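Reader: I'd like to go through this model and ask where the labels come from. Could you show it to me?

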Amino acid sequence: MPYTLGVDVGGTFTDIFLVNEDDGKIFTAKVPSTPHDSSIGVLNGIEKVCANSGLSARDIGHVMHGTTVATNTVLTGSGALVGLVTTKGFRQVLQIARSYVPGGLGGWVIYNKSEPMAPLELTVEADERVAADGAIVRPLNEESLRERLEFLKGRGIEALTVCLINSFANGAHEHRIRDIAAEVMPEIPVSLSFDVIPEMQEYERAVTTVANSYVRPKVQTYIQNLTRELQLRMGNVKLHVLRSDGGLASSASAAEYPVNMLMSGPAGGVAGALWIAKQAGYTNLLTLDMGGTSTDVALIQNAEAQIRRETTVGDVTVRASSIDVRTVGAGGGSIAHVPELTGALRVGPQSAGAEPGPAAYGNGGLEPTVTDANMVLGYLPKSALLGGDMQLDGDAAARAVQKVATAMNLSLDKAAAGIVDIVNENMFGALRLVSIEQGYDPRDFALMAFGGAGPLHANALGRLMSSWPVIIPPGPGVLCASGDATTRIRDEASRTFIRRFRDTSAAEVVAILRELAESAATSLNSEDVARADQRVTYQADLRYHGQGLLLTVNADVEAIVAQGLDAIGSQFDERHKQLFTFALDVDKEVVNLRAVVEGRETRVSAPRIEKSDSDPSAAILAKQTVFMDGKHCEATVFARAKLKSGNQIIGPAIITEMDSTSVILVGHVGDIDDFGNILIRPIVRSS
Amino acid sequence: MPAQLIQKNQTPFRHTDLDPITLDIIENALKNARYEMDAVLFRTAMSPGIREQHDAFPMIANCEGKMVVGQFGSFIHGFTEGYEGTIEDGDIFLTNDPYSCRGAISHANDWLVLMPIFKDGRLIAWASMFGHMTDIGGKVPGSLPTDARQIYEEGIVVPPTKIYRNNELQSDILRIILHNCRLPHWNRSDFNAVIAACNLAAKRCVELANRFGDDELFSAMDELLERNKRAMSKLIASTIPEAKQTFEDYLCDDGMGMGPYKIACAMWRDGDKVIFDFAGTDPQSVGSINFLLNEEMFKMFAGVFMIMVFDPQIMFNDGFYDLMEVRIPQGCLLKPNHPAALSCRTHALARIFDVLSGLLGQGNPDFLCAAGFSDSPHFMYSGYTSSGEWYQLYQIGFGGVPGRPAGDGPDGHSLWPSFTNVPNEFLECNFPLRIENYVTLADTGGPGKHRGGNALRISYGFLEDGEISIHDDRWLTYPWGVNGGLPGRRSRKILVHIDGQEELMDSKRDRIKVLAGDVLHFDTWGGGGWGKPFERDAAIVAKDVDRGLVTVEGARRYGVVMHDSTHVDAAATATLREEMRIADSARTEIFNRGGTIDELKARCLAETGLQPPETPVFQVRRAG
């Protein structure tokens, strides 16, 4: 069973990417998503791809899935009724949170706090206490706990969370509470903070574990149903779910720790971008995934995505590793408006969404959106015959954008260009957060743009960032599914171990790292990943003693054995200097240790397209007028499907395909490579 | 004699007309730069006050020193006016002397760093930031002595000084300063962090000038200030009445047994200008509760508050300063004469916001917020561990946010921007403490249609002998309710000794000895209520009871009668609410302060267990 299937469920379409691991053959399919139960769309897609390829579903050995079930559960507030057990004296840990009120000076006047995911009335206290060093100060009062669990059971909780003070240092009481809960309410899933995230900081640990409980029943049901249906059709197939950090989890692990799947969707895009960019010869990348309502950006260095020890969905932030994807409320549907008092042009974060959508979609939308501005500028195909999946209404778009033009006393073209400039600036801000703010120079990175709207704005953002080339992969709308299919199995284990360097030893640190590697390998072993195919890497979160930040450095165990803890210490100094311009001559401190175990990389490569010369004229569809860099000019419209490797397209140009449109600006050239990527660079004037 | 600016390049900036889009882009870029400054600071600072609680504030100003993005308005003007020296490329200034910068910072714990940003020999902008240092020496750990009478008792005072000259750190100067602090490594790295943040802002400004042009950046900053002025002038005309409004509020005591101290302010509009006049405010205190209030900073407070209350879409900066005039009498609590002590100014600084809220709201009751947790009480704990290591904690407390037109005040939250609590596990890991309780207290939020937030209780269990300091207020006067809402509960501190004896603590006191095994219950105060409590949905009151945020007994203050903690007695509730409605119909006052000062003093011992403060005696001091 050499076939691996990637499936990405988006808001509109479910994409399928099927690949033969042996010969690299690839089949794709696209079916409408089924939001009420996304597994139906998945099964429809599988049926379609099998029909297209003439394969039997039973030939598929692995299904790899990026899912937004967990994300949507949080965003729509449709999670489980969660009960929470805290230590006596800390019942309001979620109510108080970090006491933070956003919005600057006076922000409290308008701030309304959202309800915690575990209601306060369903939070009970355990009479017990563990000290910061893990010593038991007061044993657990089991009798009173049992009564309180009975109370929660009576109130109908659907999931239980246990998060006790200092449990990161000693999980004994949490484990005991789980055993008691198993007797009191055997059918209720229990999440322990010690299992989910054994790290210091009680609020962050509690909210993360509660989030796990909150999404768990939904994710569990979804995965169980999908597994059952898949096995009915495909026999002994293995389902894997893409984690927020870009690794793959077994379906069992996904169902138990779904808090790690909150960014499963965007992680697929980043993985797909990486897979295709690597083959095109680029390992330093900024990714830009622009959809209808928001844009996700991330940074990949040396073929590794930057991982952040935090995941944010809506107004929930949890401590779970995720690819450092920053999201801005800027998409094709973002609405432009001009507030009366300031007369400034603002774009987003309000979005026209799928319904009614931009005015150009002709579904009754009246507000000017980014898509409408692009339409006015001539960046979208003016006729459905030129490609694109729907007929756009240029007049409706112009009427909408005229509102902004009138409010700002600008011409229609200038108003449209302004809207596009502002939305570009917002995305530019997000790209800076993952690059410049982290100490990376964007000029060392290529910019890969995908998602429905990314290729329209990519060239302009490349210019703002000086990130060349701008890469537009083939099928920019289906990149996520290819990422799902080509990603590798990954698991990690971590532990908080706070010691100043002088209070621990290389031997102690190495022993813990090796122990963690063993524990992280368990899930890969159970997936039948041979030990020889497993790659183990180690990480340490370090800081200067007294500092609040944590910087993660890769820990080379051999080097630590040979040179002691200075091996990681000097790496930390360097990184600190890179980020903050200075290093300090004070004690360093270990905070967390982590082992990451990965399966082998896919051997599948992207399909190559036919070679030709530099002349792209066989792909020309038409000419159309565009407004670019403050002037009207004539752009050539190309059909992406007809472009061949070696073709060179001089801007201004528009390249259309089924689910996306790419723009090449004046003064830029797009080269088509062997895989069908468009590589856009500025035209260098010879001196 | 004001500072002298030395520029190699004297070419004046040319005003250029910018298209509105470029302007918006520059505005966004400056905003981003400001958030980047925060990010660098919080990540690299070491003191819990800055790294966990975020007691530090950045700013970017134009070349004239007007704040374009930031929080508390510009510090530059006060500095350049008071500094007798040159400002040159490569200089970075440090000061913590409030008197040398006209109160741009208001106590010596705040270290202010100012960095002129030069490009091609011309000053193009300023970056600046101040942060609260946990210790700057002086008579008590934490450097906030409640009994100081002169600033000299409050630690080392650094006049505006070039801490970098020609991009070169003046390390001797820094060494002298650090040598006077109890936790020099914290000061050192917090200082580094502030410098790194300013450097970053400078880099961003130069990048922007490269991208858009120097003249364009100059003109954009000007226009951003102008844009704000236009928006604020409409706001002032539509919300500030020409008739004089007055409001007063109080600091309960001065830590030396005297109080309360009155802050009075009148506000009226004269044409397109609004005037704030603090005539009637009490004279300066002989103690350390004085607050040297910078007039420009007060304009920012007032402006931001108006924006938040009336139209949060407006971007605030210094542009509207010409539209406000602030009059503060010399020698009063808000403009004390040098060398009056200033360290414990937090209470007055905070009360200013209650005064503003009352002033702006009384003409527009729909927009009026109650009084609340506008203070930031301090807890300090220090000593030597049994292994001989010095420990020293400075922690800021939070409490109930007031009831507001927008809704309930959150429980146990901060009114100060960007502040967060210190995780209790962090405290226990780094200090000899065990936190026994971390909860908000039922019924401490003022009842109202929108409930005031509950006060926070932190019970500190001490694991080592040591000394603590408590700095708090609102133990005598109430956080008032508005529009029929009731006041929040006042603050209280109880030290439970290891032998079980309970001792009520004064609201402001240093050097309290504690023994291992003692527990301090540090209860802050609740926010005032907004609107008539009997109009609050009974189901929401019942939910608060179920959650333990209001007691069954406390629910009666909302006119809600409960059978038990989950069931409402509908008939009894209707009756009780009707009685309350009738009683309320005679009410004319929009503020409920829980009694006059005389009444509060008379009831003080019985209600609080503490002696009322003596009426303040003022000692006239000449300006010097």
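Author: Here are some questions about helix packing, cores and the chain contact, with the reasoning behind each label.

Author: One thing up front: this is a predicted model.

Reader: Fine. What makes H10(A) roughly perpendicular to H11(A)?

Author: The angle does. The axes of H10(A), residues 370-377, and H11(A), residues 394-408, come within 8 Å and cross at roughly 110 degrees. Angles of 65 to 115 degrees count as roughly perpendicular, so H10(A) is roughly perpendicular to H11(A). The crossing of these two helices is left-handed.

Reader: And which residues of H10(A) and H11(A) meet there?

Author: From H10(A) you have A:Asp372, A:Ala373, A:Met375 and A:Val376, and they meet A:Gly394, A:Ala397, A:Ala398, A:Ala400 and A:Val401 of H11(A). Sorted by class, that contact has seven nonpolar residues, one polar and one charged.

Reader: Why are H12(A) and H13(A) called oblique to each other?

Author: H12(A), residues 412-434, and H13(A), residues 454-465, have axes that come within 10 Å and cross at roughly 55 degrees. Roughly parallel needs an angle under 35 degrees and roughly perpendicular needs 65 to 115. The angle of roughly 55 degrees fits neither range, so the pair is oblique. Their crossing is right-handed.

Reader: What do H12(A) and H13(A) bring to their contact?

Author: A:Asn424, A:Met427, A:Phe428 and A:Leu431 come from H12(A), while H13(A) brings A:His457, A:Ala460, A:Leu461, A:Leu464 and A:Met465. Here the tally is seven nonpolar, two polar and no charged.

Reader: How do you know that H13(A) is mostly covered?

Author: By counting: ten of its twelve residues are buried. Buried means that 20 or more other C-beta atoms lie within 10 Å of a residue's own. Among the buried ones are A:Gly454, A:His457, A:Asn459 and A:Met465. Just past the end of H13(A), A:Ser466 has a positive phi of about 55 degrees.

Reader: What makes H1(A) roughly parallel to H7(A)?

Author: These two pack at an angle of about 25 degrees, their axes 10 Å apart. That is under the 35 degrees set for roughly parallel, which means H1(A) earns the label with respect to H7(A). The crossing is right-handed. A:Ser39, A:Val42 and A:Leu43 of H1(A) touch A:Tyr222, A:Asn225, A:Leu226 and A:Glu229 of H7(A).

Reader: Which residues touch the most other members of the largest nonpolar core?

Author: A:Ile419 and A:Leu447, in a core of 243 residues. The biggest contribution to this core is from H7(A), with 13 residues. If you leave out residues up to four places away in sequence, the contacts of A:Leu447 include A:Leu286, A:Leu288, A:Ala458 and A:Leu461. A second, separate core has 157 residues, including A:Val101, B:Leu18, B:Ile236 and B:Ile263.

Reader: Last one: how many residues does each chain put into the contact between A and B?

Author: Chain B gives 63 residues and chain A gives 51. On the chain B side, H1(B) supplies the largest share, twelve residues. That side divides into 30 nonpolar, 18 polar and 15 charged residues.

Terms used:
Residues are numbered from 1 along each chain as its sequence is written. Chains are lettered from A and ligands numbered from 1 in the order in which they are written. This is a predicted model: local features need pLDDT of at least 70, side-chain atom pairs count only at pLDDT 80 or more; totals for chains, interfaces and linings use all residues. Two residues are in contact if their C-beta atoms, placed from the backbone, lie within 7 Å. Helices (H or I, at least four residues) and strands (E, at least two) are DSSP runs, numbered from the N terminus. Ala, Val, Leu, Ile, Met, Phe, Trp, Tyr, Cys and Pro count as nonpolar, Asp, Glu, Lys and Arg as charged, and the others, Gly among them, as polar. Axes are lines fitted to C-alpha atoms, for helices over the stretch in contact, and angles run from 0 to 180 degrees between N-to-C directions. Angles under 35 degrees count as roughly parallel, over 145 as roughly antiparallel, 65 to 115 as roughly perpendicular and the rest as oblique. A crossing is left-handed if the near helix is turned anticlockwise from the far one by less than a right angle, and right-handed if clockwise. A nonpolar core is a set of buried Ala, Val, Leu, Ile, Met, Phe, Trp, Tyr and Cys residues joined through C-beta atoms within 7 Å.
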